[in-house]
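Please look over the sequence and the model shown here before you begin. The exercises that follow each set a task and then work through it step by step.

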Amino acid sequence: MIKQKELITTSSTSFTSTCLDVDENSLIDEEGDLYGLKFDRVIGEGAWGTVWHATNPSGDESYAVKVMSKHSLLKERQQDHAHRERKILPKLDHPFIVSFTKFYQDTRCLYFVQEFINGGEFHLLLTQNRFLEAPAGQFYAAQIATTLSYIHSQGIVYRDLKPENMMIGKDGYLKIIDFGLSKRIEKEKYSTGKTLTMCGTPNYIAPEILQSKPYGYEADWWSYGVVLYEIFYGQMPFQGNNPSELFKNILNGKPRLSPRIDNRINKLIKGLLRKDPKKRYGAKKVLEHEFFKSMDFEKLQKKKLEVPFFPSVKSESDTKNFAKIKVPRFNMDNCPELSPEEDIFQNW
Ligand SMILES: Nc1ncnc2c1ncn2[C@@H]1O[C@H](COP(=O)(O)OP(=O)(O)O)[C@@H](O)[C@H]1O
Ligand SMILES: [Mg+2]
């Protein structure tokens, strides 16, 4: 049986903020507040943003709002990442990708309003179960593979595949969030199908990225291999006591494969964790792999399969599957304001 531990209590601070960027479908209310959304608690924190749970004024709709400080983005030179997320996320439409609702900004912050996925992070499910057995693991692995293949079909490399960026919906299916590192590398003027920027989360970074070589979609399939290892082995395939040890292992080490694990899974992982991106398995090899032979991808896409685990939630707006963050790293109210001259975000 798959388990999920109960977490947390909720805190309640609510505030509003003025918007500059309002369009016809805006949720903004008459007073010009941030569409009257009530921000009740922080549900997540990442490198550049704080994610809040918010409800509409009547309290019957829930959202997750990723808030980023303009000042911090400029200071850390992260504005391009935020801009890509702004451009990419609204264009994606897939059952296993978070739905984007609205984008707003004021003089202090950017606000990405998204559907609230209340089952918590897939990461939590993995840590609480240590590893998953093949049928449950296959259910999640298949969703991640089809989603990755869809993202690539849109000319986009994702670059941050990891269980922290996968949420479990109340229907038990996954949704990929966080397009902060994604980049369009095809289907755009001057695009080459490759990129160079060194980015990602250390444990999941492909060898070619570490070697500063131009890379493409294959780098995401490497990260997918790492995630599969994590799902079925309950640990990381490459480890190290510090980043340089870890990177050395990613570049030269071999993941330990055990006969305890279904041989088809081991073969798939091996094909994905090939150091040479040209030899690595990609979408076709993965989706047609013998490990997925019994998977009905059509039914999966329509969410018609038996689900191995349903998160425990009392209502749409239940936030108990999210760890409580007492002091958020930054709060909208104390983010510095940008002057119109400094504010390069205005025409986003
Ligand atoms: N739509 C969402 N529904 C529920 N929780 C979310 C949602 N978006 C983000 N979160 C939570 O906030 C965390 C950080 O969000 P993310 O977009 O990954 O930010 P970052 O780019 O800073 O990593 C996530 O790992 C998740 O726990
Ligand atoms: Mg993230």
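**Exercise 1: Val286 and its surroundings**

Leaving aside neighbours within four places in sequence, Val286 is in contact with Ala145 and Tyr281, where contact means that the C-beta atoms of two residues, placed from the backbone, lie within 7 Å. This is a predicted model, in which local features need pLDDT of at least 70 and side-chain atom pairs count only at pLDDT 80 or more, while totals for chains, interfaces and linings use all residues. Residues are numbered from 1 along each chain as its sequence is written, and chains are lettered from A and ligands numbered from 1 in the order in which they are written.

Task: determine in which helix Val286 lies, and whether Val286 is buried or exposed.

Solution. Begin with the position: Val286 belongs to helix α9, which spans residues 283-287; helices are DSSP runs of H or I with at least four residues, strands are runs of E with at least two, and both are numbered from the N terminus. Next, count the surroundings: 25 other C-beta atoms lie within 10 Å of Val286, which is therefore buried, given that a residue is buried with 20 or more such atoms, exposed with 12 or fewer, and partly exposed in between, the C-beta atoms being placed from the backbone. Finally, take the partner Ala145: its C-alpha atom is 7.4 Å from that of Val286, although 141 residues separate the two along the chain.

**Exercise 2: Two helices side by side**

Task: work out how the axes of α4 and α6 are oriented to each other, and which residues of the two helices meet.

Solution. First, the axes of α4 (residues 134-153) and α6 (residues 218-233) come within 11 Å and cross at roughly 170°; each axis is a line fitted to C-alpha atoms over the stretch in contact, and angles run from 0 to 180 degrees between N-to-C directions. The two helices are therefore roughly antiparallel, a term used for angles over 145 degrees, whereas those under 35 count as roughly parallel, 65 to 115 as roughly perpendicular and the rest as oblique. Then, on the α4 side, Gly137, Tyr140, Ala141, Ile144, Ala145 and Leu148 meet Asp220, Tyr224, Val227, Leu228, Ile231 and Phe232 of α6. By class, this contact has 10 nonpolar, 1 polar and 1 charged residues, with Ala, Val, Leu, Ile, Met, Phe, Trp, Tyr, Cys and Pro counted as nonpolar, Asp, Glu, Lys and Arg as charged, and the others, Gly among them, as polar.

**Exercise 3: Lys66**

Task: place Lys66 in a strand, and decide whether Lys66 is buried or exposed.

Solution. Lys66 lies in strand β3, made of residues 62-69. Because 24 other C-beta atoms are within 10 Å, Lys66 is buried. Setting aside residues up to four places away in sequence, Lys66 touches Gly49, Val51, Phe112 and Gln114.

**Exercise 4: Two loop residues**

Task: find which loops hold Arg77 and Ser212, and say whether Arg77 and Ser212 are buried or exposed.

Solution. Arg77 sits in the loop between α1 (70-75) and α2 (79-88), and Arg77 is exposed, with 8 other C-beta atoms within 10 Å. Ser212 sits in the loop between α5 (207-210) and α6, and Ser212 is exposed, with 10 other C-beta atoms within 10 Å. As for the backbone, Arg77 has a positive phi of about 55° although it is not a glycine, and Ser212, not a glycine either, has a positive phi of about 55°.
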